[in-house]
Each structure stands twice: as structure tokens, then as C-alpha cells.
Amino acid sequence: LGYAFEAAAATLEYGGHSLGVRRVAAIVSPGNADSLQLLGRLGMRLERSVLPPNETNSLCLYATPPPG
């Protein structure tokens, strides 16, 4: 998770500071333990499960905390 964390953290920082992005969302399969761990390390939190159209398996929607 080292390089993935560094790249994702840098992207979030650039988006927030240089581009003014206020929130970022990620959709991940609940069985993808490495991605779930990475999102947690990045400070993203589970918001809800989502069921994409024409799919039978739900996915997890994670997001950065709302600005405030």
C-alpha cells in the first residue's frame, strides 16, 4: 500500500489545494480489502452501499469528510 497511499494522498492534496476540490468519492468492491484499507488511511469514510444499475452486487461508497 506504500506507493498507492503516497500517490493517492498527493492527488488529494493537489486537488484540494491547487484545484479547490472540496470532496472526493470512491466506489469499491466490499471484498477488496487492500482498497478499503487504503481509503481508510486516506481519511475517507464509508457513506453507504450503492447498487449500480443492472448489477446484483452492492458496492461501497467512500468519501472524504465534508468541508467544515
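Helices (H or I, at least four residues) and strands (E, at least two) are DSSP runs, and they are numbered from the N terminus. This is a predicted model, in which local features need pLDDT of at least 70 and side-chain atom pairs count only at pLDDT 80 or more, while totals for chains, interfaces and linings use all residues. Residues are numbered from 1 along each chain as its sequence is written, and side-chain values use heavy atoms, with hydrogens and water left out.

**The chain as a whole**

The protein chain has 2 helices and 3 strands, and its elements follow the order α-β-α-β-β from the N terminus on. Its C-alpha trace spans about 40 × 25 × 20 Å along the principal axes. Of the 68 residues in the protein chain, 18% are buried, where buried means under 20% relative accessible area, exposed means over 50%, and partly exposed lies in between (1.4 Å probe, protein chains only). The accessible surface, found by the Shrake-Rupley method with a 1.4 Å probe, comes to about 4900 Å², and 54% of this surface belongs to carbon and sulfur atoms.

**Strand 3 and its partners**

Two strands pair if DSSP finds at least two bridges between them, and strand 3 has such pairings with strand 1 and with strand 2.

| Strand paired with strand 3 | Sense | Bridges | A residue opposite Cys-60 |
|---|---|---|---|
| Strand 1 (residues 25-28) | antiparallel | 4 bridges | Val-28 |
| Strand 2 (residues 45-50) | antiparallel | 5 bridges | Ser-49 |

Cys-60 of strand 3 thus appears in both rows, standing opposite Val-28 and serving as the bridge partner of Ser-49. Strand 3 is also mostly covered, since 4 of its 5 residues are buried. In a regular strand the side chains alternate between the two faces of the sheet.

**Thr-64 and the contacts**

Thr-64 is found in the segment after strand 3 (59-63), and Thr-64 counts as buried because its relative accessibility is 13%. Contact here means heavy atoms within 4.5 Å. When its neighbours within four places in sequence are left aside, Thr-64 is in contact with Leu-12, Arg-22, Arg-23, Val-24, Met-44 and Glu-47. Across the protein chain, among contacts between residues at least 6 apart in sequence, 52% join residues at least 24 apart.

**A charge over a ring**

A charge sits over a ring if NZ of Lys or CZ of Arg is within 6 Å of the ring centre and within 35 degrees of the ring normal. Arg-41 lies over the face of Phe-5 in this way, at 4.3 Å from the ring centre.
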